[in-house]
Amino acid sequence: QVQLVESGGGSVQAGGSLRLSCAASGYNYRSVCVTWFRQAPGKEREGVAGIGTRIGTPYYADSVKGRFTISQDNAKNTVYLQMNSLKPEDTAMYYCAADVNWGASCLSGGVGRYDYWGQGTQVTVSS
(Lines give C-alpha, C1' and ligand atoms only; values in the text may rest on other atoms or scores of the structure.)
Protein backbone atom coordinates (compact mmCIF):
# COMPACT_ATOMS: atom_id res chain seq x y z
CA GLN A 1 0.00 0.00 0.00
CA VAL A 2 1.59 3.24 -1.17
CA GLN A 3 1.18 6.13 1.22
CA LEU A 4 2.22 9.76 0.95
CA VAL A 5 2.10 11.93 4.05
CA GLU A 6 2.61 15.68 3.83
CA SER A 7 3.63 17.91 6.70
CA GLY A 8 5.06 21.36 7.30
CA GLY A 9 2.21 23.63 6.32
CA GLY A 10 1.19 26.62 8.39
CA SER A 11 0.53 30.33 8.44
CA VAL A 12 3.20 32.90 7.63
CA GLN A 13 3.40 36.52 6.64
CA ALA A 14 4.32 37.56 3.13
CA GLY A 15 8.04 37.21 2.56
CA GLY A 16 8.31 34.33 4.99
CA SER A 17 9.35 30.73 4.42
CA LEU A 18 8.01 27.25 4.98
CA ARG A 19 9.34 23.79 4.22
CA LEU A 20 6.92 21.06 3.26
CA SER A 21 7.75 17.38 3.53
CA CYS A 22 6.27 14.44 1.66
CA ALA A 23 7.14 11.10 3.23
CA ALA A 24 6.51 8.10 1.00
CA SER A 25 6.15 4.50 1.99
CA GLY A 26 5.01 1.25 0.43
CA TYR A 27 6.87 1.42 -2.85
CA ASN A 28 10.35 0.71 -4.06
CA TYR A 29 10.64 2.12 -7.54
CA ARG A 30 13.83 3.46 -9.00
CA SER A 31 12.28 6.15 -11.12
CA VAL A 32 9.29 8.03 -9.81
CA CYS A 33 7.91 11.51 -10.30
CA VAL A 34 6.96 13.15 -7.03
CA THR A 35 5.19 16.42 -7.63
CA TRP A 36 3.76 19.08 -5.40
CA PHE A 37 0.38 20.43 -6.42
CA ARG A 38 -1.66 23.17 -4.84
CA GLN A 39 -5.30 24.09 -4.91
CA ALA A 40 -6.78 27.37 -3.76
CA PRO A 41 -10.54 27.72 -3.12
CA GLY A 42 -12.42 27.96 -6.39
CA LYS A 43 -9.37 27.17 -8.49
CA GLU A 44 -8.06 24.12 -10.27
CA ARG A 45 -5.29 22.03 -8.80
CA GLU A 46 -1.98 23.07 -10.32
CA GLY A 47 1.47 21.54 -10.28
CA VAL A 48 4.13 23.78 -8.80
CA ALA A 49 7.25 21.63 -8.49
CA GLY A 50 8.21 18.08 -9.29
CA ILE A 51 11.25 15.87 -9.05
CA GLY A 52 12.34 12.76 -10.90
CA THR A 53 13.68 10.63 -8.10
CA ARG A 54 16.14 8.59 -10.19
CA ILE A 55 18.63 11.45 -10.60
CA GLY A 56 16.84 14.29 -8.82
CA THR A 57 15.86 16.37 -11.83
CA PRO A 58 13.70 19.28 -10.64
CA TYR A 59 10.81 20.90 -12.48
CA TYR A 60 9.19 24.20 -11.55
CA ALA A 61 6.16 26.16 -12.59
CA ASP A 62 6.95 29.72 -13.70
CA SER A 63 5.00 31.13 -10.77
CA VAL A 64 7.43 29.65 -8.22
CA LYS A 65 10.77 29.63 -10.04
CA GLY A 66 13.46 31.28 -8.00
CA ARG A 67 11.39 31.06 -4.81
CA PHE A 68 10.67 27.36 -4.31
CA THR A 69 13.20 24.53 -4.24
CA ILE A 70 12.32 20.86 -4.44
CA SER A 71 14.73 18.26 -3.12
CA GLN A 72 14.81 14.66 -1.97
CA ASP A 73 16.35 12.48 0.68
CA ASN A 74 16.36 8.98 -0.78
CA ALA A 75 17.42 7.40 2.48
CA LYS A 76 14.24 8.72 4.08
CA ASN A 77 12.01 8.36 0.99
CA THR A 78 11.08 11.98 1.51
CA VAL A 79 10.67 14.90 -0.88
CA TYR A 80 10.88 18.44 0.40
CA LEU A 81 9.55 21.73 -0.91
CA GLN A 82 11.38 24.74 0.46
CA MET A 83 9.21 27.80 -0.10
CA ASN A 84 10.82 31.22 0.29
CA SER A 85 9.57 34.75 -0.38
CA LEU A 86 6.02 33.55 0.05
CA LYS A 87 3.19 35.65 -1.36
CA PRO A 88 -0.50 35.78 -0.46
CA GLU A 89 -1.24 34.14 -3.81
CA ASP A 90 0.69 31.06 -2.64
CA THR A 91 -2.11 30.40 -0.17
CA ALA A 92 -3.57 26.97 -0.94
CA MET A 93 -3.82 23.37 0.13
CA TYR A 94 -0.63 21.68 -0.97
CA TYR A 95 -0.59 18.03 -2.01
CA CYS A 96 2.18 15.70 -3.02
CA ALA A 97 1.56 13.06 -5.62
CA ALA A 98 3.56 10.17 -7.07
CA ASP A 99 3.64 8.73 -10.58
CA VAL A 100 5.35 5.36 -10.23
CA ASN A 101 5.18 4.59 -13.96
CA TRP A 102 7.15 7.51 -15.39
CA GLY A 103 9.90 9.40 -13.63
CA ALA A 104 10.42 12.33 -15.99
CA SER A 105 8.67 15.53 -17.18
CA CYS A 106 7.13 15.72 -13.78
CA LEU A 107 5.02 18.83 -14.42
CA SER A 108 3.41 17.58 -17.61
CA GLY A 109 0.32 15.44 -17.94
CA GLY A 110 -1.75 17.07 -15.20
CA VAL A 111 -3.36 15.47 -12.19
CA GLY A 112 -4.56 12.42 -14.13
CA ARG A 113 -1.12 10.86 -14.48
CA TYR A 114 -0.59 10.56 -10.74
CA ASP A 115 -1.39 7.29 -9.04
CA TYR A 116 -1.04 8.27 -5.42
CA TRP A 117 -1.87 11.38 -3.43
CA GLY A 118 -1.32 12.60 0.08
CA GLN A 119 -4.00 14.16 2.23
CA GLY A 120 -2.70 17.71 1.82
CA THR A 121 -1.27 20.39 4.08
CA GLN A 122 -2.58 23.95 4.28
CA VAL A 123 -0.35 26.94 3.55
CA THR A 124 -1.69 30.39 4.38
CA VAL A 125 0.25 33.55 3.57
CA SER A 126 -1.02 36.83 4.95
CA SER A 127 -0.16 40.26 3.59
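Reader: Where along the chain does T53 sit?
Author: T53 is placed in the loop between β5 (46–52) and β6. Helices (H or I, at least four residues) and strands (E, at least two) are DSSP runs, numbered from the N terminus. Please keep in mind that this is a predicted model, in which local features need pLDDT of at least 70 and side-chain atom pairs count only at pLDDT 80 or more, while totals for chains, interfaces and linings use all residues. Residues are numbered from 1 along each chain as its sequence is written, and side-chain values use heavy atoms, with hydrogens and water left out.

Reader: Why is T53 called buried?
Author: Buried means under 20% relative accessible area, exposed means over 50%, and partly exposed is in between (1.4 Å probe, protein chains only). T53 has a relative accessible area of 13%, so T53 counts as buried.

Reader: Which residues does T53 touch?
Author: Contact means heavy atoms within 4.5 Å. Leaving aside residues up to four places away in sequence, T53 touches R30, S31, V32, V34, Q72 and N74.

Reader: What makes R38 and D90 a salt bridge?
Author: The rule asks for a side-chain nitrogen of Lys or Arg within 4 Å of a carboxyl oxygen of Asp or Glu. For R38 and D90 the N to O distance is 2.8 Å, so the pair meets the rule. This pair links distant parts of the chain: R38 is in strand β4 (residues 33–39) and D90 is in the loop between β8 and β9, 52 residues apart. As background, side chains of opposite charge can pair when their charged atoms come close.

Reader: Are R38 and D90 buried or exposed?
Author: R38 has 6% relative accessibility and therefore counts as buried. D90 has 0%, so D90 is buried too.

Reader: Which other side chain meets D90 in a salt bridge?
Author: That is R67, at 2.7 Å from N to O. D90 lies in the loop between β8 and β9, and R67 in the loop between β6 (57–60) and β7 (68–73), so the bridge ties together parts that are 23 residues apart in sequence. Both D90 and R67 are buried. A network of salt bridges links R38, E46, R67 and D90.

Reader: How many salt bridges are there by this rule?
Author: The count comes to 5. Among them is the pair K65 and D62, with 3.3 Å from N to O. D62 has a relative accessible area of 64%, so D62 is called exposed.

Reader: What makes C22 and C96 a disulfide?
Author: The test is a pair of cysteine sulfur atoms within 2.5 Å. C22 and C96 have an S to S distance of 2.1 Å, so they pass. The torsion about their S-S bond is about 70 degrees, which means the disulfide is right-handed. C22 is in strand β3 and C96 in strand β9, 74 residues apart. C22 is buried at 1% relative accessibility, and C96 is buried at 0%.

Reader: Why is the disulfide of C33 and C106 called left-handed?
Author: The torsion about the S-S bond of C33 and C106 is about -80 degrees, so this disulfide is left-handed. C33 lies in strand β4 and C106 in the loop between β9 and β10, so the pair ties together parts 73 residues apart in sequence. Their sulfur atoms are 1.9 Å apart, and C33 and C106 are both buried. A search of the whole structure finds 2 disulfides, and they follow the pattern 1-3, 2-4 when bonded cysteines are counted along the chain.

Reader: Why do β1 and β7 stand at the edges of their sheet?
Author: Two strands pair if DSSP finds at least two bridges between them. The open sheet of 4 strands has the order β1-β3-β8-β7, with antiparallel pairing. β1 (3–7) and β7 each have a single partner strand, so one side of each is left without a neighbour in the sheet.

Reader: How do you know that β1 and β3 pair?
Author: β1 and strand β3 (residues 18–25) pair in the antiparallel sense over 5 bridges, and at least two are needed. S7 stands opposite S21 in β3.

Reader: Why is S85 called partly exposed?
Author: S85 has 40% relative accessibility, so S85 counts as partly exposed. S85 is in the loop between β8 (78–83) and β9 (92–99), and its phi is near 50 degrees, a positive value in a residue other than glycine.
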